[in-house]
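The exercises below concern helix geometry, burial and charged pairs. Each task is followed by a worked solution.

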Amino acid sequence: MKYISTRGRAPALDFSDVLLSGLAPDGGLYLPNKWPTLSSNEIGQFSSLQYAELALKIIQPFVGGGISKASLTKIINNAYNRFTATEVVPMKKIGTNEYLLELFHGPTLAFKDIALQVLGSLFDHVLVTKGRTSTIIGATSGDTGSAAIEALRDRDAIEIFMLHPFGRISDVQRRQMTTVQSSNIYNVAIKGTFDDCQDLVKAMFNDQLFCNRMQLGAVNSINWARIMSQIVYYFYAATRISSPTDPISFTVPTGNFGNVFSGYAAKCMGLNVDQFVIGSNKNDILTRFLETGSMTIKEVHSTISPSMDIQVSSNFERLLFDLLNKDGLRVKEFMDEFRNKGKFSIDGKTLDTTNSIFYGACFDDEVTKKTIREIYEETGELIDPHTAVGIAAGRAQRHDKNIPMVALATAHPAKFPNAVKDATGKLPKSPVQLEAILKKEEHCIVLDNDLETVRNYISDHSKVNK
């Protein structure tokens, strides 16, 4: 399988090169040149597979011959052996044809573990095979950072510099990153927003001299392997609930658009999805886009669901590429306009196509807490604020209760204890790994939101390429 850039000006690459590259040299994001498709008969057979077995079935076509089946099987099995739930992603019924898919049973208690535990081992395998080293840089609004650090810590061929917005993530999220004692881990707090952190990462990837010298790699969802690994749980949920020909819907708390785009990829591969509902907090750029066809940046607001405190949804570019019939030049025009003017607009026909698949709803903190409380009263389950936003959106936009609706539970409630207790009066039980980080020393540097400052810090401290 070959991968192409959403902006149409980069050479097609195989999986291993896309894995190590992250962002395309023309500034675009990589996508497979065609979607592997599955028949309803093939999808029907998935219901008998364990999660790791299903992951191998879904991931292998995207990897192609670059990694042997035996090596890929070992990578996947090792990744999911670290999850505390036997099913990896257990599912619970919370209402009429309404389900909660728990994606937070990995090492850092967030859905990012599902992809990053695989990604870390893929990086290691490919780098060792090629005899290379890599400097990984990433930006996090909360959970990606800790999941990436846990997946990449103590690996000789890799160093990781993780940027997060200073004072804009929860104490638990910060400590999960800053208390890791490993010589290849660097935590950097940026005086700005997550979008500022993300812009810095993109700028460094677009600096080809710096990128090549440092052998940069990416762990954010701009890296295709992240999206690829998340496709699996959409098929897993669907084949546990209904037959392969019956429709199913998903509601996803969404900031950077990567999680829900993985579901869209599953649909392109043959999964019969009726609705993708996008839940947003007060940072409602995606909801506004679905209503108006205009993607317009506004101020970033701090909320109790900080992983969605975003105004630039990077992965939306992948969907735009598909909606525009893979016209990379048009995508580039839109993204240039977005960068220069802070907005772009699509035509009515393209918006209609988008609205036939995606539905959006946004909620403030009060509604989020109300939803946490309602779910607890209805089911006895405690949920985190991000999951609550997704459930509220699904209930607001669901158009057929005969079609199962699966809400993606993206983080353990103990990662946001104050918000959960404020909503329910009950403090979620803290898992052992969270209790431990409260006693450890933190390691982090605070830097200005300045490209040269951050780039110099990485150059001065990276040992991988010296």
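**Exercise 1.** In this predicted model, classify Lys332 as buried, partly exposed or exposed.

*Solution.* The relative accessible area of Lys332 is 22%. Buried requires a value under 20%, and exposed a value over 50%. Lys332 is therefore partly exposed.

**Exercise 2.** Find the salt-bridge partner of Lys332, and state how the two residues are placed in helix 14.

*Solution.* Step 1: the partner is Asp336, with the closest N and O atoms 2.7 Å apart. The cut-off for a salt bridge is 4 Å, so the pair qualifies. Step 2: Lys332 and Asp336 are 4 residues apart in helix 14, so about one helical turn separates them. Step 3: Asp336 has a relative accessible area of 18%, and therefore counts as buried.

**Exercise 3.** Check whether the length of helix 14 agrees or disagrees with the expected rise per residue.

*Solution.* Step 1: helix 14 covers residues 328–341, which makes 14 residues. Step 2: the expected span is 1.5 Å times one less than the number of residues, which gives 20 Å for helix 14. Step 3: the end C-alpha atoms are 20 Å apart, so the two values agree. After the helix comes Gly342, with a positive phi near 80 degrees.

**Exercise 4.** List the buried residues of helix 14 and name elements that cover them.

*Solution.* Step 1: the buried residues are Gly328, Val331, Phe334, Met335, Asp336 and Phe338. Step 2: the elements covering these residues include helix 12 (285–292), strand 11 (294–296), helix 13 (316–323) and strand 12 (343–345).

**Exercise 5.** How many salt bridges does the structure hold, and which parts of the chain does the pair Lys463 and Glu159 link?

*Solution.* Step 1: there are 24 salt bridges in the structure. Step 2: in one of them, the side chains of Lys463 and Glu159 meet at 3.3 Å, N to O. Lys463 is in the segment after helix 20 (451–461) and Glu159 in strand 6 (residues 158–165), so this pair links distant parts of the chain, 304 residues apart. Step 3: Glu159 counts as buried because its relative accessibility is 4%.

**Exercise 6.** Describe the salt bridge between Arg455 and Asp207.

*Solution.* Step 1: the closest N and O atoms of Arg455 and Asp207 are 2.8 Å apart. Step 2: Arg455 lies in helix 20, whereas Asp207 lies in the loop between helix 8 (194–206) and helix 9 (208–214), so the pair ties together parts 248 residues apart in sequence. Step 3: Asp207 has a relative accessible area of 23% and is partly exposed.

Methods. Residues numbered from 1 in each chain as written. Predicted model: local features only at pLDDT ≥ 70, side-chain atom pairs only at ≥ 80, totals over all residues. Heavy atoms only, no water. Buried < 20%, exposed > 50% of the residue type's maximum accessible area, 1.4 Å probe, protein only. Contact = heavy atoms within 4.5 Å.
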